[in-house]
Amino acid sequence: IEGFQKGVPRWCSGCGDNAVLAALQRLLRDEGLRPEKTVFVSGIGCSSRLPHYMNTYGFHGIHGRALPVAEGVRIARPDLNVFVNSGDGDCFSIGAAHWIHAIRYNMKMVVMVHDNQIYGLTKKQASPTSPRGTRSNTTPQGSFLEGLNPLTVTLGVQNVSFVAQAADWIPEVLYAILQAAFNHDGLSFIRIVQRCPEWMPDNFEPWLHDPSRVQLLHHEGMPAFSSGLASLYPTRLDHDPSDIHRARELASQHDPIPIGVLFHDPTVPRYDELVRAETTHSPAAVRQLLDEEFDRFAVVSDGEGGGVDD
Ligand code: SF4
Ligand code: MG
């Protein structure tokens, strides 16, 4: 395709997705994750192109369905490191039911939602998180409702175990959050505030250009901020991420925006572990059962336009 180079991400210049990709590539290197033991799963949207740019296994799925695919991978291949990249339209609209249940299942995986508050790939339609008044192809007079707060929703789901908020333009904290998320024993949910200079060029400008409107969270276990970061962002907050009530308060806060790990409970049970403990079937035996079911319901052609056998 004219204008695009093989192997070079097909994202606009200045797109926040580039920062997420760079942080992930660094994480895989630093954690020593083997490509054949790592899989990136995505849905549909600009951010969902990310698996194409990782030197690992990848599954570029269908709209809103990244999470059930990732859950299947987690159950069938417990030896793999599972990462999910989704967008605000993909996860919070068509995929909303999967989002709620994935949080509740708490299977071990890192879930990143690149939230640019717009449908970018399809050229600007309002998404569930678009701020009120957003003018778009589907809301030419401006969207009527306040945007959905994905953090408060996630923190309201039973069995939630890890919730964080990152911003693409603060790579040091983005990386520290990804590292904490990867080392969490359950589902890590990260909302990444992501710039879309193509369709929402002014969206996060106030937070980008005025560091006093960003509140960095710090707690035990997180690496110390570099001196450059600490001097740039003076409004640091010492936070106890085991306190879910405080986490919910922070999640409701828009300005200054809290960036860091809001909530962390490593004791929440994991559905994938419970299933494994309860079942007498090995992952291979489960796969064989699924293959047999698939064959039983397979669609076969009868030579006259097809039909269902069975
Ligand atoms: Fe990034 Fe927006 Fe361009 Fe998509 S349209 S690649 S989200 S800047
Ligand atoms: Mg989006």
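In this tour, Ala, Val, Leu, Ile, Met, Phe, Trp, Tyr, Cys and Pro count as nonpolar, Asp, Glu, Lys and Arg as charged, and the others, Gly among them, as polar. Keep that in mind for the first stop, and remember throughout that you are looking at a predicted model.

**Stop 1: ligand 1**

Select ligand 1 and bring up its surroundings: Trp11, Cys12, Cys15, Asp17, Cys46, Asn116, Gly120, Leu121, Cys196, Pro197, Glu198 and Trp199. Colour this shell by residue class and you will find 8 nonpolar, 2 polar and 2 charged residues. Four of the cysteines you now have on screen are Cys12, Cys15, Cys46 and Cys196.

**Stop 2: the sheet**

Now switch to a cartoon view and pick out the strands. You should see an open sheet of 9 strands with mixed pairing, in the order E2-E1-E3-E4-E6-E5-E9-E7-E8. Its edges are E2 (57–60) and E8 (237–238), each of which pairs on one side only.

**Stop 3: strand E4 and its partners**

Select residues 109–115, which form strand E4. Which strands flank E4 in the order of the sheet? They are E3 on one side and E6 on the other.

Add E3 (residues 81–87) to the view: E3 and E4 are parallel and pair over 5 bridges. Two of the bridge partnerships are easy to look up, Ser86 with Val113 and Gly87 with His114. Then turn to E6 (187–193), which also runs parallel to E4 and is joined to it by 7 bridges. Here Met112 stands opposite Ile190.

Are the residues of E4 buried or exposed? Of its 7 residues, 7 are buried. In a regular strand the side chains alternate between the two faces of the sheet. Show the side chains of E4 to follow this: Met109, Val111, Val113 and Asp115 point one way, while Val110, Met112 and His114 point the other. Asp115 and His114 are buried along with the rest.

**Stop 4: helix H6 and the cores**

Next, select residues 171–182, helix H6. This helix lies across E4, E5 (162–167), E6, E7 (214–218) and E9 (257–264), and runs at about 160 degrees to E5.

H6 leads you into the largest nonpolar core, which has 62 residues. The helix supplies 7 of them, the largest share. Highlight Val84, Val111, Val163 and Ile177, the residues with the most contacts inside this core. Centre on Val111 to see some of its surroundings: beyond its neighbours within four places in sequence, it is in contact with Val84, Ala102, Leu187, Ser188, Phe189 and Ile190.

Apart from the largest core there is another, of 8 residues, including Trp11, Cys15, Cys196 and Met200. Trp11, Cys15 and Cys196 will be familiar from the shell around ligand 1.

**Stop 5: backbone details**

Move to the loop between E4 and helix H5 (150–155), where Gln117 sits. Gln117 is not a glycine, yet its phi is positive, about 65 degrees. Why does Gln117 count as buried? Because it has 24 C-beta neighbours inside 10 Å, and 20 or more is enough.

Lys124 is in the loop between E4 and H5 as well. Its phi is near 80 degrees, again a positive value in a residue other than glycine. With 20 C-beta neighbours inside 10 Å, Lys124 therefore counts as buried too.

Finish at Pro256, in the loop between helix H9 (244–251) and E9. Zoom in on the bond between Asp255 and Pro256: this is a cis peptide bond, with omega about 5 degrees.

Note on methods
Residues numbered from 1 in each chain as written. Chains lettered and ligands numbered in written order. Predicted model: local features only at pLDDT ≥ 70, side-chain atom pairs only at ≥ 80, totals over all residues. Pairing = 2+ DSSP bridges. Helix = DSSP H or I, 4+ residues; strand = E, 2+ residues; numbered from the N terminus. Contact = placed C-beta atoms within 7 Å. Axes fitted to C-alpha atoms, helices over the stretch in contact; angles between N-to-C directions. Near = placed C-beta within 6 Å. Core = buried A, V, L, I, M, F, W, Y, C linked by C-beta atoms within 7 Å. Buried ≥ 20, exposed ≤ 12 C-beta atoms within 10 Å, placed from the backbone.
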